[in-house]
Amino acid sequence: MTILEDLQWRGLYADCTDLAALQQRLAQGPVTLYCGFDPTADSLHVGNLVPLLALRRFQLAGHHPIALAGGATGMVGDPSGKSSERNLQTPEQVAHNIAAIKEQLARFLDFHAPANPARLVDNATWTAPVTFLEFLRDVGKHFSVNVMIAKDSVRSRLEGEGGISYTEFSYMLLQAHDFLHLREAAKCELQVGATDQWGNITAGTDLIRKKHGGSLTAWGLVFPLLTKADGTKYGKSASGAVWLDPKRTSPYRFYQFFVNADDADVVKLLKVLTFLSRDEITALEAEMQANPGARAAQKALGRELLTLVHGPEALAAALKASEILFGGSLAGISEAVFHDVVGEIPTKRLDPATLDGAGGALTELLVLAGLAASKGQARKDIEGGGIYVNNVRATEAGRTLAPADLLFGRYVLLRKGKRTYAVLNLT
């Protein structure tokens, strides 16, 4: 398949400024393309993977990708997809976020490929030196306010209660200027992004056409937003956005987010967020339909994405952590990972003195943890082989717990049967 055919099969094609002309150009040889990422936070999130991995797909097909970190546009704020005005960031915040995002962008593109190395640029380098008057004359002069107001990103805000500031209204001019600069300085012919960027991208193709007539070609290509089967945005968990920074979203929680994907979403996610082939994805789809309880497609999605984002070592740790709630060994698990895994298990806080003397009796602690209605029932459960301490079966009804049983000096993981857990936290 050609790169465009692959994008279409994966559901990654939404619109193009001139698809037929772009197909002809791609057939002639490699093109340079770019996608921008504004530093609204100090980490990219799952939604950013769609355009970022698209750059990688183009690179694997022999094209020349440019990842743009928006040091200039990040100071203004993109109104696209937002119902209200963004809070302006300080220059220090933007600089911090840019540094973090650049590091993440560098993980997904090959900057050392012999034939087509990726490039990383910051639009502040060419925007900051331009004076306001120069910008108005060289860029603003080519835009009709009537046309700008008709763009979806602006019109939706004008129809809302809060309106739109001149600052955010001007955002599309900055992005158009980026495309013009990269077209002139780097021979960049194609800009890609999600559908909410269509107005900004077409502003750039229009500006290039008006400045250079037909002498410079330029195209825009957009992908659908990453949404669930019910139409809501994908990339949110119960605790908020799913980030690529392991300090914001741990590798274990990142893995679990995708392993818990709905059957209705998982095939689309495999196509959009992995580099698995058509045959591999088709096989996983057939396996899911034949045995949905095995969740083979979801596990493959989690493995592929965690390896891509955090590496094979993080995947090995996440897989080991995932086994904890299925009776797996706790050996080698860090406290941070343990806390992640058991974070949603009922937890009982106890005084460390509880383990002194008879207070440390396992039967009493099972009652305190809510795993047994009485000490008599707890005794029966132990004698029946259904009680586990730190995933090791308890064999003596008279067993007591001591400080040596504490994980990381303060936790005890109790289990009744196969999947009923509780945590004691002695602080």
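Asp 245 is buried in this predicted model. Its relative accessible area is 12%. The cut-off for buried is under 20%, so Asp 245 falls inside it. The residue sits in the loop between strand 8 (240-241) and helix 12. Leaving aside residues up to four places away in sequence, Asp 245 touches Asp 42, Ser 43, Gln 104 and His 310.

Asp 356 makes a useful contrast. It is exposed, with a relative accessible area of 53%. The cut-off for exposed is over 50%, so Asp 356 qualifies. This residue also lies in a loop, the one between strand 9 and helix 18 (362-368). How far is the C-alpha atom of Asp 356 from that of Ala 194? The separation is 60 Å, and the two residues are 162 apart along the chain.

**The chain as a whole**

The protein chain has 427 residues, and 49% of them count as buried. It contains 19 helices and 13 strands. Its C-alpha atoms fill a box of roughly 90 × 45 × 40 Å, taken along the principal axes. The exposed surface is about 20000 Å², with 52% supplied by carbon and sulfur atoms. Among contacts with a separation of 6 or more, 71% join residues 24 or more positions apart. The charge count is 44 positive and 45 negative side chains. The centres of these two sets lie 2 Å apart.

**Helix 12 and the cores**

Helix 12 covers residues 251-259. Seven of its nine residues are buried, so the helix is largely enclosed by the rest of the structure. Which residues are the buried ones? They are Tyr 252, Phe 254, Tyr 255, Gln 256, Phe 257, Phe 258 and Val 259.

Two of these, Phe 254 and Phe 258, also stand out in the largest nonpolar core. That core has 60 residues. Val 192, Leu 221 and Leu 273 join the two phenylalanines as the residues with the most contacts inside it. Helix 3 (residues 49-60) gives the largest share of this core, seven residues. A second, separate core has 27 residues, including Trp 126, Val 139, Phe 179 and Cys 188. In soluble globular proteins, nonpolar side chains tend to be buried together.

Leu 221 deserves a closer look. Residues up to four places away in sequence are again not counted. Early in the chain, Leu 221 touches Leu 4, Leu 7, Tyr 13, Asp 15 and Cys 16. It also touches Phe 58, Leu 190, Gln 191, Val 192, Gly 193 and Ile 201.

**Strand 5 and its partners**

Strand 5 spans residues 188-194. It is mostly covered: seven of its seven residues are buried. Strand 2 (residues 32-37) pairs with strand 5 in the parallel sense over three bridges. Here Leu 33 stands opposite Leu 190. Strand 5 also runs parallel to strand 6 (residues 219-223), joined by five bridges. In this pair Val 192 stands opposite Leu 221. Both residues are among those with the most contacts inside the largest core.

**The five-stranded sheet**

Another set of strands forms an open sheet of five, in the order 9-13-12-10-11. The pairing is mixed. Which strands lie at the edges? They are strand 9 (347-350) and strand 11 (392-393), each pairing on one side only.

Strand 12 (residues 411-416) pairs with strand 10 (residues 387-389) in the antiparallel sense over three bridges. With strand 13 (residues 420-426), strand 12 also pairs in the antiparallel sense, over six bridges. Five of the six residues of strand 12 are buried. Strand 12 and strand 13 form a hairpin with three residues between them. In the turn, Gly 417 has a positive phi of about 70°.

The table lists residue partners around strand 12.

| Strand 12 residue | Partner |
|---|---|
| Leu 414 | Val 389 |
| Lys 416 | Ile 387 |
| Tyr 411 | Asn 425 in strand 13 |

Methods:
Residues numbered from 1 in each chain as written. Predicted model: local features only at pLDDT ≥ 70, side-chain atom pairs only at ≥ 80, totals over all residues. Heavy atoms only, no water. Pairing = 2+ DSSP bridges. Helix = DSSP H or I, 4+ residues; strand = E, 2+ residues; numbered from the N terminus. Core = buried A, V, L, I, M, F, W, Y, C linked by side-chain atoms within 4.5 Å. Buried < 20%, exposed > 50% of the residue type's maximum accessible area, 1.4 Å probe, protein only. Contact = heavy atoms within 4.5 Å. Areas by Shrake-Rupley, 256 points an atom, 1.4 Å probe, with all protein chains shown as cover. Lys, Arg positive; Asp, Glu negative; His and termini not counted. Charge placed at Lys NZ, Arg CZ, Asp CG, Glu CD.
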